Amino acid sequence: MIPTDLAGIEQAVATGALPGWDRVEELVVEAHRRHSADDSGAVADYIPLLGAADPSLFGLAVVDASGGVHDAGDALHEFSIQSISKMFVYVLAIQAHGHARVRDIVGVNNTGLAFNSVMALELNGGHPMNPMVNAGAIATTALMTGADADEKWERIRDGLSAFAGRELPFDDEVYHSEMKTNERNRALGRLLSSYGRLTGDSDEIVDVYTRQCALNVTAHDLAVMGATLADGGVNPVTGERVVSADVCRDTLAVVAASGLYERSGEWLFEIGLPAKSGVSGGIVAVSPGKGAAGAFSPRLDSAGNSVRAQLAIGHLSRSLGLNLFASAPQARDAREGR
């Protein structure tokens, strides 16, 4: 295990900034225009209601850490947040219970297997491995404070709404559509219980998890939510402190490793940003200290990640200088003889 005894060493921060407002606006419009014609991928249909989504929809938004907003296309079209909720519920769980406890219960390592894999849980002695796969997300939801399932749900809804800067609506139709097809998630919940990894009734916890996935957001909302993580836990649009800066750091590290499921390594290699996807077609990507991009388009690749959203965010990662691993040589005075 990597050593973690770093108590007393204060976290220093050094990040850059986005270009001026006009340049960001220009590049967001350019990224949306360039990738609008891509019609590869397929709409998710294993949740019946998601299969009815209009595949032509495409929204893109960037919100910077100072509160500047840039929307293009269908950026205000509502869709269910789905697995992107995992990222923000994880934030709330760490805020409530602390870094060490949540790491011990849920884990932080990639499974290398599909997001709903039962095998990944069995191969690791019932340990969920990370909070971005379904087993880990169910275990994370169980950690939410509250006397019962309804209180847990209300705290999740209130918390995610604070990230978005508005009260997020609940899509009852999506919820009921998912409840008809979530046998695997119920099985994961019961398996977690059998290993002692879940506190409370597993079916009730899975119900809360299903509800959190049915909250509606827009690409604009995702960008605001991501920018709150980029700004050390302060919503840059509302000015409200939602969570602590340390919690943001922990979450973005886990999302960088596991946010796009078994494609997470490829994404980090090519795009260089912590990002989380959902099967309704949304992706949020965060550049600490700079801001975040939210994108939505329903056509998915075989791993469940929106094709257009990946392309548009990849475009912005390069053109806006968001990639965490990109660097350029520092200018040196010629008199130094270098």
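**Exercise 1. Work out how strands E2 and E3 pair in this predicted model, then place them in their sheet.**

Step 1. Start with the pair itself: E2, residues 59-64, runs antiparallel to E3, and 5 bridges join them. To get the register, look at Leu60, which stands opposite Ala72 in E3.

Step 2. Now zoom out to the whole sheet. It is open and has 5 strands, ordered E3-E2-E8-E7-E6, with antiparallel pairing.

Step 3. Check the ends of that order. E3 (69-73) and E6 (275-277) are the edge strands; each has a single partner strand, so one side of each lacks a neighbour in the sheet. From one strand to the next, the twist averages 10°.

**Exercise 2. Find which helices lie on E2 and E3, and give their directions.**

Step 1. Take helix H1 (residues 21-35). H1 lies across E2 and E3, and its direction is at about 20° to E3.

Step 2. Move on to H10, which also packs on the sheet. The strands H10 touches are E2, E3, E7 (282-287) and E8 (291-296), and its direction makes about 155° with that of E8.

**Exercise 3. Classify the packing of H6 against H10, then of H2 against H3.**

Step 1. Pick the descriptors: for two packed helices you want the angle between the axes and the distance between them.

Step 2. Apply them to H6 (residues 149-164) and H10. Their axes come within 7 Å and cross at roughly 90°. Angles of 65 to 115 degrees count as roughly perpendicular, so that is the label for H6 and H10.

Step 3. List who touches whom. From H6 you have Leu160, Phe163 and Ala164; from H10 come Asp221, Val224, Met225, Thr228 and Leu229. Sorted by type, this contact has 6 nonpolar residues, 1 polar and 1 charged.

Step 4. Repeat for H2 (residues 84-97) and H3 (residues 99-106). Here the angle is about 125° and the axes are 7 Å apart. H2 and H3 are therefore oblique to each other.

Step 5. Read off the contact residues: Tyr90, Ala93, Ile94 and His97 on the H2 side meet His99, Arg101 and Val102 on the H3 side. That splits into 4 nonpolar, 2 polar and 1 charged.

**Exercise 4. Count the cavities of 30 Å³ or more and describe their linings.**

Step 1. Think of the probe: rolling one the size of a water molecule over the atoms shows where empty space is left. With the 30 Å³ cut-off, you end up with 2 cavities.

Step 2. Describe the largest cavity, at about 50 Å³. Its lining consists of Thr111, Ala114, Phe115, Ser117, Ala120, Leu121, Pro128, Val133, Asn134 and Ala135. H4 (119-123) and H5 (134-142) each put in at least two of these residues. By type, the lining holds 7 nonpolar and 3 polar residues, with no charged ones.

Step 3. Do the same for the second largest cavity, with a volume of about 40 Å³. Leu18, Val62, Gly291, Ala292, Ala293, Leu320 and Leu322 line this one. E8 supplies the largest share, 3 residues. The tally is 6 nonpolar, 1 polar and no charged.

**Exercise 5. Characterise the second largest pocket by its volume and its lining.**

Step 1. Get the volume: the second largest pocket holds about 440 Å³ of space.

Step 2. Find its middle. 22 residues line the pocket, and Val13, Ala245, Arg249, Leu252 and Pro288 are the closest to the centre.

Step 3. Assign the lining to elements. H10 (219-230) and H11 (245-258) are the ones giving two or more residues. H11 gives the most, with 7 residues.

Step 4. Sort the lining by type: you get 15 nonpolar, 4 polar and 3 charged residues.

Step 5. Pull the threads on H10 together. H10 packs on the sheet, crosses H6 at roughly 90°, and contributes to the lining of the second largest pocket.

Notes. Residues numbered from 1 in each chain as written. Predicted model: local features only at pLDDT ≥ 70, side-chain atom pairs only at ≥ 80, totals over all residues. Heavy atoms only, no water. 1 Å grid on protein atoms, 1.4 Å probe; cavity = no way out; pocket = protein on both sides within 12 Å on 5 of 7 lines; lining within 4 Å. Points joined across faces, edges and corners; volume = space filled by probe spheres on them. Helix = DSSP H or I, 4+ residues; strand = E, 2+ residues; numbered from the N terminus. Nonpolar A, V, L, I, M, F, W, Y, C, P; charged D, E, K, R; others polar. Axes fitted to C-alpha atoms, helices over the stretch in contact; angles between N-to-C directions. Parallel < 35°, antiparallel > 145°, perpendicular 65-115°, else oblique. Contact = heavy atoms within 4.5 Å. Pairing = 2+ DSSP bridges.
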